[in-house]
Number of protein chains: 2
Amino acid sequence: MTAQIIDGNPIAEKLRKRLATDATAFTEKYGYKPGLGVVLVGDDPASQMYVRMKRNACEKAGITSYAHILPADSTQEQVEDAVRSLNEDPKVHGILVQLPLPKHLDEEKVLSLISFEKDADAAHPTNIGLLAMKGREPLYKPCTPAGAMIILQELGVQVAGANAVVLGRSNIVGMPVALLLMEANATVTICHSRTKDLQSYLKDADIVVAAIGRPNYLHGSWLKPGAVVIDVGTNKVDDPTSEKGYKYVGDVDLESALPVVSAITKVPGGVGPMTITMLMVQTVQAAHRLAEKTENA
Amino acid sequence: MTAQIIDGNPIAEKLRKRLATDATAFTEKYGYKPGLGVVLVGDDPASQMYVRMKRNACEKAGITSYAHILPADSTQEQVEDAVRSLNEDPKVHGILVQLPLPKHLDEEKVLSLISFEKDADAAHPTNIGLLAMKGREPLYKPCTPAGAMIILQELGVQVAGANAVVLGRSNIVGMPVALLLMEANATVTICHSRTKDLQSYLKDADIVVAAIGRPNYLHGSWLKPGAVVIDVGTNKVDDPTSEKGYKYVGDVDLESALPVVSAITKVPGGVGPMTITMLMVQTVQAAHRLAEKTENA
């Protein structure tokens, strides 16, 4: 069997074309561009890179980004003020607080300040609650899980009735992707660090979402033949053969998985491009929603 | 093997004694009793019975209940007004809207009106979101799932690392009990009407929570020997041998389960008494929280 290696870029590209059209429509109607507000605290190189990538992607899509870049020793008050000013700015429609925040800050308090209606990154508990509840719809969905679901859809994977195993229960990936899979009628098992005999769950799984941040942890021999694997892990490992001296690998050991699975996402370049794209898609949705609300007010 | 049949009443009784003490302490400190506001719309006999039971239980525990009993043809506005008046009443600390509401009403809108701080029944999406999120704590937990967890604790069941299967994904039982089990470090699988081959999940389950509302559906032969079963189903079935002509049975076929499992909750009288108790526990917690907040304001 030759597994399909899923490149997220062409899937993301299709969505970006559509969202650029939506952004242009907004700009023509209201005379200014949809706006994404970003709060970045500190000088973590990975976070800075993500923020830079988001800014570039926004520019291409016709979205203005408004960045508050604060020093690592900022006070709680200063970070909260940055969120508040984005909440109040009518040109800002979506807000992202880049995580993790430095440890001295109260992350929960900062995130809960984000205006529910500008929560394009779905960090607010009310959006998560609505996502968890049957018959309710959140305004926005967490971006990486939403991107993973679109990849499954593009692949034509039958999610309803499938046995889906999610590895990891983080607030930004594991838990919400489990809720989205359940909403799509999969039978979902959430495995985590306290799970005993992980392999007994994996061996029957039609869909596996791995989000535990352990390089090459999951061995192909643990997987069901023909499984579809979404690898959300992006782990930096030493690589003496590369110029940079490092490379990124997923949570799944690709080499042993390839002969077993039917499809697996690339790392990097699988789910990653979808995350930024979904943030922009939801920012443009937020822009239309908020502008219409102001018009009707 | 002789299975233990779990009676919820003595467990509930212990909690009720403690909560009555807490309620008395509140009354002595503030000069009035903790208050539970209840909204009941229509004349569904089961709902009326639940409301009556809640009122009696409150009285015994030293909690005043404030009931808004509205006719079945009440308008959305009238039901919303009842919730708003309970929100504003400083003597009301917990609010319960008895579900289901008549079909012409917008249930989601009614529930989302309940003041987050008086949401002792945890019907508000923000409480559900906080329950779903790692490292966050809801103000209140859904009462039946919280009661089920206390039963497991009383039995000394090792939840961490256990294989737990939840049958059903309702907003009031299935989904929140899955979140609570996950918080307690079980590996949780949520099965539902679209699950294929349910028995393949049940056969390895150490803990089973059944909440699908199908009388005697789950056969003992499907269960793992020694499993602990929480049967949340309360299904009315014909019973020509009883005076009333009916009886209540659970979702699990008790007769075939008893030789297999190590413990199973009674129906009725298992989880049921815990539900009302948890509502009262959380109402008294709400009373202390709100009164302290007012004092410090």
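Here is a walk through this structure, from the pairing of its chains down to a few single residues. Keep in mind as you look around that this is a predicted model.

Let's start with the two chains, A and B. If you turn chain B by 180 degrees, with 0.0 Å of shift along the rotation axis, it lands on chain A with an RMSD of 0.0 Å. That is how copies are related by a two-fold axis. The two copies also use the same surface to meet each other, since 100% of the contact residues of chain B turn up again in chain A.

Now zoom in on chain A. Its domain assignment lists domain 1, covering 31–121, and domain 2, covering 143–272. Going by C-alpha atoms, the centres of these two domains of chain A are 28 Å apart.

A good place to see the chains come together is helix α5 of chain A. How many of the residues of α5(A) are buried? The count is 8 of 8, so this helix is mostly covered. If you want to find them, the buried residues are A:Pro125, A:Thr126, A:Asn127, A:Ile128, A:Gly129, A:Leu130, A:Leu131 and A:Ala132. And what do they pack against? In chain A there is α7 (174–183), and from chain B come α4 (107–113), α5 (125–132) and α7 (174–183).

Next, look at a charged residue in a covered spot. A:Lys54 sits in helix α2 of chain A, which runs over residues 45–61. A:Lys54 is buried, yet it has no salt bridge. The nearest side chain of opposite charge belongs to A:Asp121, and it is 6.4 Å away. A salt bridge is counted only within 4 Å, so A:Asp121 at 6.4 Å doesn't qualify. What A:Lys54 does have is a polar contact, side chain to side chain, with A:Gln98 at 2.9 Å. Leaving aside residues up to four places away in sequence, A:Lys54 touches A:Leu96, A:Gln98, A:Ile276 and A:Leu279.

Salt bridges do turn up elsewhere: over all chains, the whole structure has 16 of them. One of these joins the side chains of A:Glu117 and A:Lys293, with N and O 2.8 Å apart. A:Glu117 is in the loop between α4 (107–113) and α5 (125–132) of chain A, while A:Lys293 is in helix α10 (residues 272–296) of that chain, so this pair ties together parts that are 176 residues apart in sequence. Both ends are partly exposed: A:Glu117 has a relative accessibility of 24%, and A:Lys293 has 45%.

Over in chain B, there's a salt bridge between B:Arg84 and B:Asp81, whose closest N and O atoms are 3.0 Å apart. These two residues are 3 places apart in helix α3 (residues 76–88) of chain B, which means about one helical turn lies between them. B:Arg84 is partly exposed at 29% relative accessibility, and B:Asp81 is partly exposed at 37%.

Chain B also has a salt bridge between the side chains of B:Lys203 and B:Asp204, at 3.1 Å from N to O. Here too the partners are partly exposed, with B:Lys203 at 45% relative accessibility and B:Asp204 at 37%. Salt bridges can also link up through shared partners, and in chain A they join A:Glu80, A:Asp81, A:Arg84 and A:Lys109 into one network.

B:Asp204 leads us to another residue, B:Asn163, whose side chain reaches the backbone oxygen of B:Asp204 at 3.3 Å. You'll find B:Asn163 in strand β5 (residues 163–167) of chain B. Is B:Asn163 buried or exposed? Its relative accessibility is 9%, so B:Asn163 counts as buried. Setting aside residues up to four places away in sequence, B:Asn163 touches B:Thr187, B:Asp204, B:Ala205, B:Asp206 and B:Ile207, along with A:Tyr201 from chain A.

For a contrast, finish at A:Gly31. This residue is in the loop between α1 (8–30) and β2 (35–41) of chain A. With a relative accessible area of 65%, A:Gly31 is exposed. Its C-alpha atom is separated by 31 Å from that of A:Gln78, which is 47 residues apart from A:Gly31 along the chain.

Terms used:
Residues are numbered from 1 along each chain as its sequence is written. Chains are lettered from A and ligands numbered from 1 in the order in which they are written. This is a predicted model: local features need pLDDT of at least 70, side-chain atom pairs count only at pLDDT 80 or more; totals for chains, interfaces and linings use all residues. Side-chain values use heavy atoms; hydrogens and water are left out. Copies are superposed by least squares on the C-alpha atoms of residues with pLDDT of at least 70 in both. Contact means heavy atoms within 4.5 Å. Helices (H or I, at least four residues) and strands (E, at least two) are DSSP runs, numbered from the N terminus. Buried means under 20% relative accessible area, exposed over 50%, partly exposed in between (1.4 Å probe, protein chains only). Lys and Arg count as positive and Asp and Glu as negative; His and the chain ends are not counted. A polar contact is a pair of N or O atoms within 3.5 Å; within protein, one must be able to donate a hydrogen and the other to accept it, and residues adjacent in sequence count only if both atoms are side-chain atoms. Domain bounds come from an automatic or database domain assignment.
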